[in-house]
Every structure is written in C-alpha cells, then in structure tokens.
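Visitor: I would like to go through the salt bridges of this chain, and then one of its helices. Could you guide me?

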Amino acid sequence: MASVRFTVTPTKAEDLPGLSDTSPDISSRSGARVRFGSRESVNRSDPLSEGSGGGTTTAGGAETPDYSNVEQDGNSKISSVYINNTHGVDDDDFYDRNLALFEEEMDTRPKVSSLLNRLANYTNLTQGAREHEEAESIGEKKKASKSPQMGTFMGVYLPCLQNIFGVILFLRLTWVVGSAGVLQALCIVFICCCCTLLTAISMSAIATNGVVPAGGAYFMISRSLGPEFGGAVGLCFYLGTTFAGAMYILGAIEILLMYIAPKAAIFVSKHPEGEGAAMLNNMRVYGSICLLLMSLLIFVGVKYVNKLASIFLACVIVSIVSIYIGALVSAFKPPHFPVCMLGNRTINGHEIDENQCAKTILLQIKEPVERGDNVTLINETSTMSPTFDPSLATDLVEKTTYLWKQFCQGPEINATCDQYFLSNNFSEIEGIPGLASGIISENLWSSYPSRGDVLEKGSLISTHDAHPASTQQPYVFADITTSFTLLVGIFFPSVTGIMAGSNRSGDLKDAQRSIPIGTILAILTTSIVYLSSVVLFGTCIEGVVLRDKFGDSVKGNLVVGTLAWPTPWVIVIGSFFSTCGAGLQSLTGAPRLLQAIAKDNIIPFLRVFGHGKANGEPTWALLLTALIAELGILIASLDLVAPILTMFFLMCYLFVNLACGLQTLLRTPNWRPRFSYYHWTLSFLGMTICLALMFISSWYYAIVAMVIAGMIYKYIEYHGAEKEWGDGIRGLSLSAARYALLRLEEGPPHTKNWRPQVLVLLKLDEDAHVKSPRLLTFANQLKAGKGLTIVGTVVSGNFLQSYGEALAAEQTLKHLMDKERVKGFCQCIVAQKPREGISHMIQSSGLGGMKPNTVVMGWPHAWRQSEDPQSWKTFINTVRVTTAAHLALLVPKNISLFPSNSEPCTEGYIDVWWIVHDGGMLMLLPFLLRQHKVWRKCGMRIFTVAQMEDNSIQMKKDLATFLYHLRIEAEVEVVEMHDSDISAYTYERTLMMEQRSQMLRQMRLSKSDREREGNPGSGSSRPEAGGATRSQAQLVKDRNSMLRLTSIGSDDDDDTDGGERDRATSAGSGGGGGGGSAEHHRRVQMTWTKEKTSQYRATHSGCSTPEGFRDMLSIRPDHSNVRRMHTAVKLNEVIVNKSHDARLVLLNMPGPPRNTEGDENYMEFLEVLTEGLERVLLVRGGGSEVITIYS
C-alpha cells in the first residue's frame, strides 16, 4: 500500500488579519513548515529532517529532490530553481503557491486556516462590550485565560435553583394554598410551571443555535426578533429583574419585622386600623436602608456577592429539607401550635395572655381576700371543672380574661358584651394537625375572603345572628380581597429565574449541552417541590392557619415555619438569608443587563449607562437600578409588587417562545439548534399561556406593560441606531412579502384596487445632484393611494467601470427620499445610452404584482434651444415606451413652480380638462392630490369639450351624475368649441415649425456627410463643405433666435426636468445642456413674414447655401400639421381663458405620432397646447380603467 503524506502549513500569526496580537499562542509558534507522514516520525524542532536524508518520499516511494533550505533563524524559506522571482517579492510569499488562483482575493476571502484560528480564539464577552471591540480592532494583548470548566450541575442547575426558589415559597405559598384550596393551588402551580417549562424548551433551542454571549434573554430575543423587539423586551426584562430585587428586599424586611425582631419597628400604631399603614412605613424605611447597603456592597465588588451565593443557596436547600422532614415528623408527633377559636372565628394569638383562650377563669385564694394580688389560677374555663372540690369553693373567684375586655365594655361579669361573643364559646384547635389527620379534606376547596373578613373554620358550629365583626375585636382579618387571578400574579415570580443558566454560558465547558439539561432539570425539580409542598401544606396545616398570611393565629410565627423541623427558626433564618441573597443577585444582574442594552446602542438616550468603572462595572446602570428599585420599595407591599414583575417576566417569556416558534416555522437556513426536542406548537402553546397569564393575573398591569413595550419599540424604530442582526421578524417579513407577491400574481388587479404605483425618473447633474427634486415632492403628494414608489435614474457608461458612480447615485436618491419622506425603493441602471437605460428600467422595475403602473417624468425645458435633439428625443421615446408597456404617464410642466410640502395652497382650484377618456386617471389624480395637506383646501373643477353636434346641456347633466356616482365633489362646466376657419396665426406657427424641422434635418445630414467623408488629410481639399456647414450653423442659430417662443416659467438652464442622467461632455449625450452663449439665451418674440424673408435673403445672399436650405424657405405646411396646430391653438385659448388662475391644470396628453419624422412637430404641439399656463400636469392613461362607480 502506498504511503500517505499530508502537509500542514500554519501561517505566521502576524499574517492573519485580526490575529496578530490577540493570539499569543499562535504567534509564539514556529513559522516553519511541518510535515506529517504516515511512516515518518515527527520532529517539531527540525521539521525538514525526515529519516536520514533531506528528500521527500512521494506516493510511489520514489525520491524527489527537495530544494528547501533552512535559515539560521529557524524559519524555512523556499527558493526553487523553477520560480522566477522577478517582481522582487520576498520568498515568504511563495508558501501559498498552492492557492495562487485565489491570491488576489485573500483580503476579502481569507484562507480557511485563518478563519478557524479566529474562531478558536473567540472570547465569550457580551457583544458590544468595550473589551471585545478592543480585542478585535486594536489587538490588545491579553493573558491566556483558563478555559471554562463549569459543568451542568454547578454551572446551570444550582444557579437556576437559587434563582427560582425565593421569597414566595416561604412567605406566600401557604396563603395561596389556604385561599385557593389544594386543587386550585395545584392548578396555579401547574400552569406557572408549564409556562416556564415550555419557555425553557424554546430558550434551549435558541441558546443551542450558536454561541450566546452574556446577556441572556435580551441577547436571544434581540438577535432572534430584531433590535426593536429586543430593546423593548430587554428593557421590560430589566425592569422585571429590578422590581424582583425590590420584592426580595421587601420579603426580607417582612421576615425581619414580623418574625425575627418585631420590636425593631419604628412606627407603631395605637389603634388596630393604623397597624397596616404603620407596617408599610416600616417596610419603606428599612427597605430603603437595606437597598442602600446592598447597592454599596455591589459597588464595592461583585466578587463578594458571588462568594456569598453558595451560602445563600445552602440556606434555601436546608430550609426546604426541614419542611419535608417536619411534614414527615408531624405524622407521628405533630408540633403543638394551638389556635384559639370563638365559635368558628379565629382569634389573634397576640391578644391571648398566658394561653387564656376562655371568657373567664377561676382563681384560688391562698391568703385573705384583702390581699387580692396573691391568687392561684385553678381553672381557666367559665364552668366548674369535673374534679372541682366543693370544700375549696369558698376560696375560688371567677375572673374575666383579657379576651373578655376585648368583646365587652368592661371586665365585670355583668358588662354589656358583643352578641356573637355571648352566643359562642371559645375552643382550641391544633394549628398543625399532622400528616395523618385527614385535614386535607377540608383544605381541598377554595375559600377566597374579601378584605376585612374574619378567617373562619367552616366545620365548627357557630351562631351567625350577630352583627358583623368589628376591627376593634381580636379576630384575624383578611388584609386584601383574594381571587384566583390575584393569586396567579402573586405566585408567578416564584417560578421565574430560568435564565440563570443562559446568562453563564461563557463559564460553561459545553454550553450547548449544559444549558438545556441544567435548566429543564432545575424547572422539573422546583416544580416537584412546589407541587409536593402544596399537597403537604394542605395535608398537615389547618385551613385557617393557611389563610392567615402573617401567622397571627399562631402567635406571629411564620406559617411555613410551624411545620419545619426541628424549630421554626430554621425556616425564618434560612428564608431571610436566601431572600437577601436573591435580592443581591437581582441587583447585580439588572445593571449588567442595562449595560448590555446601552452598549448595543439601539436606544440613544441609554448610552450613558453603558459606561462604568475602569474594570467594566456598570456604575451608572447600578445607580438607575437602585432608583427604580426604590420605587418598588416605596410601594411597600409584597402583594402589589409581585404582579408588576410578573407582567415583565411574562412578556419576556412570551417573546422567547415567539422567537423560537417563528424561526421554526420560517425554516431559516441558519436555524440549526443542537437541542432537537422542540416544536413550534410547544412554542406557541407557551406563548398563549404567557399571554393568558398576563391578563388573568392583572389585565390593567398587562396593558400598561404592553404600552411601555410598544412605546419603546416605536422609539427604537424611529430614533434608534440602525442594526441588522438577521432577526426572525425580517425573515417573517420576507415570507409575508413572498406570500403576498405570489397572491398578487393570481390575476390582474380589480379596478377598485388600482392605486398609483409610481416610477419617478430623475436626472442627476455632473456633481451627482438631482436636477428637479420637486418631481419627488410631487410624487409624494400623490401617495394618498399608499402605492409603491420607485425612484430611478440612469448612469451613462459601462457597468464594470461605472459601478461606483451607480452606488453614489443610489445613495443620493436615498438621501433625497429621506429628506422628502418618501417611502419606497430606488433603482439605478448603468447603460450606454440614456434612452436604453430608461427603457430597461420601465421594463424591469418592480416584482410580480408590485410593478409600477405609472411613470412620472419631467418636461424637457429649453428643447428648442438645443442644437442636439437627444433631450427631447429621449422624452418622446419614453412616452412611446410607457404607451407600449400600457403604463400611465404623468408629465409635470414647470415643475419648479409646483408647491413644496411646506407651502400649502390656501385657496384656488385644481382644473381638470377632460378631453378624451383614457381610464379615468384625470378624475382620480385630483382626488389623491387633495388628500395631501398641500392641496387639501383647493376646490376641483372639471371641464369637458363639446363639439357643435353635441348637446352641451345634457353633457353637463350626465357629467354631474357621473361624478356623483364616483363620490367626487367638483364643479362641472362644458366648454363649446365652435367650428372656425384656420387663422393666419395657426398657419404661421405651423410654417415656422416645419421650417425649423427641415433646417435641423438638413444640418444633421450635412454634418453626417462631413463626418463620413471628411478626414485629416482631406480637410483642405473640401473647403466648400466646411463653409457650407458653417453657414448652415449660422443660419440655424439666427433662425432659432427668431423661433424662440418659450412658454411662461420655462427654465432654460435645465434641458430636462427628469428622464435620464447623462454624464457625457458632448452636447449629444448631455441632452442639450442649455445650448450656447448668453446671446443665444436671449428670448425674442418674432413672426416669420414675407418682408423678413426678403430681408434675410438679401442679407445672406453671399452665403454658399445648399439647395435644400433655399427650397426650405418656400415650403408649404402639411395639411395634417395645420389641423393639429389649429386644435392646439384653439384648446390653448379656451384653457387659458378658463384656467389662467388655477393652482394646477390637468389635461390629456396626446400621443406621439406613429411616424418618427414628426417628433419635432409633436413637441411643438405640446408646447403650444400648454402655453400661458403656470402649472400643468399632462396625463396619459395606461389603457385600463382606474376608477369605478361601484363599491
């Protein structure tokens, strides 16, 4: 078998782009060539020594000479006799000789080895972080850091457990079970856990679809759904985390003031009604102090927080284990926590002195009665004991207890008392009956008390013929009105915290394996703990104690602590420290999340929070976080803060599910997650549960959260920095656009759906400035139809050489579109000839059913002064192309006089001259224009022309009826055009037009003959040709001076308002360019008469004028041209008479002649038709109906 050899040639680190300094391990390697053989040993110190010789063994086993030599510095240089190094290139450049085909593209398409080296040195820093950017751009040298070694258990599972288990488990879960009952509590816990489990599945799919830097949910959502959703949801997640910190602090202070040190309260109320307000004030004071201390600790150093995390986690685990042990112990030996009941009402344990749960007690007197302070308690009941000794009857005294004084007006036996108090007796029940007591049968069903209701035990007998309980009496009252929806909002924060694993992806050995397993296992663990806790609480604890939120019935003990083994203090101390730890974690994570958002630079006003201390700690973000958390602490009620962060977390989870579902449905090519146990139905189910929970828990908080997110979304959309992260929303837009375009292709659009899809043809000058930007302004004013807008231009030249110019032209158009606030697309075509470019653009613009149906182009001003016909020939060619393509054409004349968007017309009319019907464009355009603020206050007048044989009165009625059915308000007028003889003026205009055309034609023929026959050698041999041409040019120039009858407001400097962009320096490709000297631009109003002709002949009799020019002076005008000129003159007279004061005149544009020889005449007809009008819009329909009377 032949030996196999492969050669690996590592390049030097300084030759790799972006890796010269960031990869010390690469730069430290030898740059030598290393050869690995199948049978040879590898010697890294001497790579070229193989066996005993310096030769190389080929596949066939033959020896081939090796021309490599080794330099003294250890680097191998290749010098071959076969390489001609004539370009003075260093020998090192030849080590890539195997890639010589690609060497010219190495700067844009690097070698695979370069790419792999860069990926191997990837750092898991937050995208946008300063350190990461410096490492890429400057190449800052860094110490080789240890590779991350954290596994699934330590890196994901335990952090998720610590973040999920929190204050709600210890302070509110018993109350949730008591109020909702075991069945509904299980339902609440199950729904919340399902929500987080489905979200974790979606999150695992996203997290394993590539590398997720620090930033967690924000990074995943922003890169999956785009910067708008990412910023909105990221800020909501930040607010949720911040309010979570406030909630944990409030929980810690509640444990401190309620169960550890009640006497530490600053505010104490003397009346029961004020106890709640006093407690809230205490929470505010102590919570603010605690927040300040935590913020200072985080500011000093996060490393202390991380060191304490394991201690706090141990507290949580010990507390939970003590609950389970206590529940098991209660089956054999229940703890003794008596609860005093009056009838079926629960008595506050704080009001009972020396366990005297009775109305009266019997006291034994040891000494004379005068010394009433020396007595002995015999029996604490209101009746005689069965073991009562009658001989001691004289020594016993019945005395009322402290509870008597709370229900009666005095301590006397005969005092007036509360009716319920008199009707019912006191009794004691066990607060913790134990696991084997069967109390779960009473706790299965819900009991939602309203605010101020007394907690009652339904199985006890009582008389209810008394007045409602007073707050002055020592009952246990419900502090808030509870319901299923409220409990959902309060409980949900106890299942949040599932993002802890994804936030630590940079510390994990195998993040794509650890994150799904660790997160899902943590959720399953916590779900089992919560569900089993619900069952245990319902099985072991009395219902009234469960509904007692603050443990007043068991003398102020923490309710879950009464079940703990060996002492309630295990739970109290453990929950206090774990709650403090959770608060520290939230206040540590929230500023970093805000810093990540600020450094992404998608929300401009947050940029300041991206800065921090020299080590990267987010100082300013920590300050803002502390201020927002203080707002939550000022609310001071755990039950009011919990629904707020529930909303923000639910919104975050909703968009995580949406991101996963969208990517799955769209089948994005980049969507290849390693975690395969996901499905789009699970994602949308999780999204539905999140949305339902938002409105179930608090519909008004849900609306507020959505409004906040929506405002942030719109702010980023309009003012944020441009970011493109290849997100799913853009993928969704692509899919929706594709679907819509395919649907549009199913058939031609109905007349009712017709709207102007405009292609605006603009011309750029030599400096790449738009010559007539008002064309774009006018197109924008037409956009009430919400149609498509494409702005196009043509660059003259070859595409390979003019590509840069085309890009510059495109940027110019985009800038103008942004300035004019035109939403649409721009298209730049490079073509040798402008007319070809315009033809290509009209043919190829748009896609599918979104092709333009209307072309807007400018009028070629100063076309008469142009010695070259290209400008107006391009114009006429464009008219023919649009007609052939069945597109509508709009030509604004005197566009520079059209109003801008900042110049609204306060009065006046838009006049429509409806001469021929071509689809109803003339009716629709004024309606669309009047939707814009510029033309809104203009009235509309419609004129139509009646011939002698028409009934003008009936035409007016029919036109009014037609407009009524079209729902268009306009004044109607029918103009009668009488038959009249052709006037001398019309004849003269026609004659001048034809003479000018003949002269220009003769001049072009002579010029072409000279160019064809003339050459440098024969220039002197044909002097008569040069003289004839010069005389012709002079004749035409003088002729133009006399024929210059320009319309009002024409701009001689611009040969074309729009149409094409022509950069050529010659007059032919420049489209006229204004044509000549200052004298040439002078305007003269003259008429060609016989006297003028005789005078001209006498003056120019010496010129060697060809025969064609002499014949031209005696030509007779063509009869068809005379008729057309007669129509143009007569129509112009009528239009000027009726519409001289109109703001805008719209009239039908006649089509160009079929014979191209009459193109000059066509331009003259249009010029005569619009003479004397300030603003004219020539309209030519596309041949299809665009307006209908039907609904």
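Guide: We shall discuss the salt bridges and then helix 25, bearing in mind that this is a predicted model.

Visitor: How many salt bridges are there in the whole structure?

Guide: A search of the whole structure gives 13 salt bridges.

Visitor: What does Lys-549 pair with?

Guide: Lys-549 pairs with Asp-639, and the closest N and O atoms are 2.4 Å apart. Lys-549 sits in the loop between helix 16 (543–547) and helix 17 (559–563), while Asp-639 belongs to helix 20 (residues 638–666), so this salt bridge ties together parts that are 90 residues apart in sequence.

Visitor: And is that Lys-549 buried or exposed?

Guide: Lys-549 is buried, at a relative accessible area of 5%. For Asp-639 the relative accessible area is 5%, so Asp-639 is buried too, the cut-off being under 20%.

Visitor: Which residues are in a network with them?

Guide: The network of salt bridges links Arg-172, Glu-254 and Asp-479 with Lys-549 and Asp-639.

Visitor: Next, Glu-717 and Lys-714. Where do they lie?

Guide: Both are in helix 22 (residues 699–719), 3 residues apart, which is about one turn of the helix. Their side chains form a salt bridge at 2.7 Å, N to O. An α-helix has 3.6 residues a turn, so residues three or four places apart point the same way. Glu-717 is partly exposed at 36% relative accessible area, and Lys-714 is partly exposed at 37%.

Visitor: What about Glu-973: which residue is its partner?

Guide: Glu-973 forms a salt bridge with Lys-1138, with 2.7 Å between the closest N and O atoms. This pair links distant parts of the chain, as Glu-973 is in strand 20 (residues 971–976) and Lys-1138 is in helix 35 (residues 1119–1139), 165 residues apart. Glu-973 is partly exposed, with a relative accessible area of 28%, and Lys-1138 also counts as partly exposed, at 31%.

Visitor: Changing topic to helix 25: where does it bend?

Guide: Helix 25 (residues 799–820) bends at Glu-805, by about 30°.

Visitor: What do its buried residues pack against?

Guide: They pack against helix 24 (774–781), strand 14 (789–796) and strand 15 (825–831). The buried residues of helix 25 include Ala-806, Leu-813 and Met-817.

Visitor: And what caps its N-terminal end?

Guide: Asn-798 is the cap of helix 25, with a side-chain oxygen 2.9 Å from the backbone nitrogen of Leu-800. Just after the helix, Arg-821 adopts a positive phi of about 55°.

Note on methods: Residues numbered from 1 in each chain as written. Predicted model: local features only at pLDDT ≥ 70, side-chain atom pairs only at ≥ 80, totals over all residues. Heavy atoms only, no water. Salt bridge = Lys/Arg side-chain N within 4 Å of Asp/Glu carboxyl O. Helix = DSSP H or I, 4+ residues; strand = E, 2+ residues; numbered from the N terminus. Buried < 20%, exposed > 50% of the residue type's maximum accessible area, 1.4 Å probe, protein only. Bend = angle between axes of the 7 residues up to and from the residue. Contact = heavy atoms within 4.5 Å. Polar contact = N/O pair within 3.5 Å; in protein donor to acceptor, adjacent residues only side chain to side chain.
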